[in-house]
Amino acid sequence: MTRPPSIPSTDDERAPTFDSHAPLDEPTLRRLYSYMLKCRTVEERIRLLFRQGRFSGNYFAAVGQEATEVGATMDLLPGDTIAPSHRNFVTHIMKGTPLKLMFAHIFLRKDSPDQGRCAQAHCGYAPLNIITPASTIAAQLAIGTGVALANKMQQKTSVVVALSGEGSTSLGLWHESLNFAGVHRLPIVFILENNLWAESVPARLQSAVEDFSTKAPAYGIRGVTVDGNDVIAVYRVSQEAIRRARSGDGPTLIECKTYRWYGHSEIDPAKYRTVEELEYWKSRDPIAAMERYLQERGFWAESWKQELLADFDKEIDEAIEFAEKSPYPEPEEALDHVFSFSIRDRELHRRVWAPQISSVG
Amino acid sequence: MPLMTYIDAITSALREEMVRDEQVYIIGEDVGAMGGVFKATKGLQEEFGSDRVIDSPLAEGIIISSSIGAAMAGMRPVSEIQFADFIAPAMDSIAEQAAKLRYRSAGTQTCPLTVRVCYGGGVGGGLYHSQTNTSWFIHTPGLMVVAPSSPYDAKGLLKAGIRNDDPVLFFEHKKLYRSIKEEVPAGDYTVPLMKADVKRKGSDITAISYGYTLQLTLQAAEKMRTEHGVEVEVIDLRTLAPLDKDTLLESVARTSRVVVVHEDNRTLGIGAEVSAIIAEEAFDCLDAPIARVTAPDIPAIPASPPLEKFYMPSVEKILAALERTLDY
């Protein structure tokens, strides 16, 4: 068979004509699968690098949640914005951030998008409209809501996709964001990744509701709950919500029920969960499910998967090599990008702090 | 030049900036149809429409957060916090988002946001309509904190703040809104940010303040001249963060005596920082300990008139501090 490109490119400027009822075509199905596989391959490599002690810091993997991340963010246009949470690092792949920059960020090097300032969980990329996540949960939804307000005021058709976990629904800013977006019918889609655990706290202790999407009517917006491990379902529902947002039809809350396979972060053994629960969700692996579906549709070849993996590994290897060769920022660069320093202040800070740095090597 | 109140100067700045730049918009509680509880935005919704003068939900978090997001996307929001006492729900947005945005993105994202905050006591407003909490923001690098003391500065600084590419917290003292008038140009001008102003020249002692207490300090300075023949130099900080240290130090080098006056409570108020700067950089110039006239370190500004009077800085308290410092 003719080998399809690893991840076929989309025509970024195409009109938003998604038909939510038509069956997905083969290239789209392949891209959904390819992106999921790439996201997992990247995250598993980052986890390996962490265990090898190759970078300092921590990582918050979304392995197991690929269907949600890929389905919700595939095919966004360049002018669209992603407002990710701390667990959505791989949505950079979906928007097109080069892996080299992503790994430079993991290694906290000078070539990272923020020149080594933010920790692994907080990676933004201004050129592609990816907002920097903060660990103050739900904040990104409120910032994303503001971007959507600007899109509307500037009469753009750009949309915002804002992601957060079910834990975020307990915060005031979650409520304030959905409420404001509802009042002004803003072009934003709220993706609620209900992975059942907010660090160690189960979803039933976050909220008395079973389906978090039932909160949507309280804000006068549409709410949908979808199997977050079914990438086709997530993609369909998201594309429909994005189409509506783009055409001025207001926001949607999409609850994607999914599961993170690993702990809250790499230092969390997640002993608060049962083995049975984990095994159940692993049996619902979104990537394996999509493989089976592609087989049923006759779009599958094991060799294709191996080629994809080889491509991804090569790209990741190159990105890691680039990142490890990238220098660390100079200590005094900690003083850069501070608007409030006069030259005099900066020099004063440099004189005071620089000798302490050099003495510790 | 027309005589203008402080509040009219603010309205004038807002109107002119909205005419000049269509990316400028206003959002806040009651700012639209009502024109603001102090009428700072009076007539603006009629003139510019409800898309550019937005009556927000009663939710400070989204007022500021949505403004940050919109500012990142090219708008120039001017958000209003009706009373400084209500700003805490927006602290996450201000301290964790707006302040850090430029730094955390290595300069690739900025946030041209202006937050107008009505602050200050002396009007019997009690615990939740009187606070001066400027220090919360002064202590947060990445924010610019501005607090004008006069109508002329209010208009010029607000226009400069709106045009600034980084977040500005613009503190307006409610007691100044209608209590003073000044000649204010009808047309366009700006007053430089990050620059203190010598409001009264003097050679015997330096008094440093901002906002409402700056006006009290000027009154005290006049009394010192008429009653004691003492020339007090009065410096208006105008921008509290980042501080214009040079203007302070140049004055201290000439007068050798310093009194700092502010309505915020004492501990870690701006007076503490001003004192530390002078101690570090002009210790040899001093002939007397630095004196502070501030609110006391109590949790809130009380409502009952005698309690509030006890709390607030006053001309008498400033005079006592000036005399004590001169007599040292």
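Here are legends for a handful of close-ups of this predicted model.

**View 1. Helix H1 of chain B, end to end and mostly covered.** Start with the length check: H1(B) runs over residues 6-20, and at 1.5 Å a residue its 15 residues should span 21 Å. The end C-alpha atoms do sit 21 Å apart, so expectation and model agree. As for cover, 11 of the 15 residues are buried. They include the run from Tyr6(B) through Ile7(B), Asp8(B), Ala9(B) and Ile10(B), and further along we also find Glu17(B) and Met18(B) among the buried residues. What do the buried residues of H1(B) pack against? Strands S1 (3-5), S2 (24-28), S4 (76-81) and S7 (168-173) of chain B, plus helices H2 (44-48) and H7 (151-163) of chain B.

**View 2. The open sheet of chain B.** Count 7 strands here, in the order S3-S2-S4-S5-S7-S6-S12, with mixed pairing. Strand S3 (53-55) and strand S12 (239-241) of chain B are the edges, each pairing on one side only. From strand to neighbouring strand, the turn averages 20°, direction ignored.

**View 3. Where S6 meets S12 in chain B.** Zoom in on strand S6 (residues 144-146) of chain B, which pairs with S12(B) in the antiparallel sense over 2 bridges. Look for Val145(B): across from it, in S12(B), stands Ala241(B).

**View 4. The surroundings of Gly211(B).** Gly211(B) belongs to helix H8 (residues 211-228) of chain B. Is Gly211(B) buried or exposed? It is buried, because 29 other C-beta atoms lie within 10 Å, and the cut-off for buried is 20 or more. Leaving out residues up to four places away in sequence, Gly211(B) touches Gly120(B), Ala147(B), Ser149(B), Phe171(B), His173(B) and Glu263(B). Asp236(B) is worth finding too: 25 residues from Gly211(B) in sequence, with 7.9 Å between their C-alpha atoms.

**View 5. Chain B's side of the contact with chain A.** Chain B puts 35 residues into this contact and chain A puts in 34. On the chain B side, the elements giving two or more residues are helices H3 (60-72), H4 (91-98) and H5 (101-104) of chain B. H3(B) supplies the largest share, 9 residues. By type, that side of chain B splits into 16 nonpolar, 13 polar and 6 charged residues.

**View 6. The two domains of chain A.** Chain A is divided into domain 1 (26-328) and domain 2 (330-361). Taken over C-alpha atoms, the centres of these two domains of chain A are 36 Å apart.

Note on methods: Residues numbered from 1 in each chain as written. Chains lettered and ligands numbered in written order. Predicted model: local features only at pLDDT ≥ 70, side-chain atom pairs only at ≥ 80, totals over all residues. Helix = DSSP H or I, 4+ residues; strand = E, 2+ residues; numbered from the N terminus. Expected span 1.5 Å × (residues − 1). Buried ≥ 20, exposed ≤ 12 C-beta atoms within 10 Å, placed from the backbone. Contact = placed C-beta atoms within 7 Å. Domains from an automatic or database assignment. Pairing = 2+ DSSP bridges. Axes fitted to C-alpha atoms, helices over the stretch in contact; angles between N-to-C directions. Nonpolar A, V, L, I, M, F, W, Y, C, P; charged D, E, K, R; others polar.
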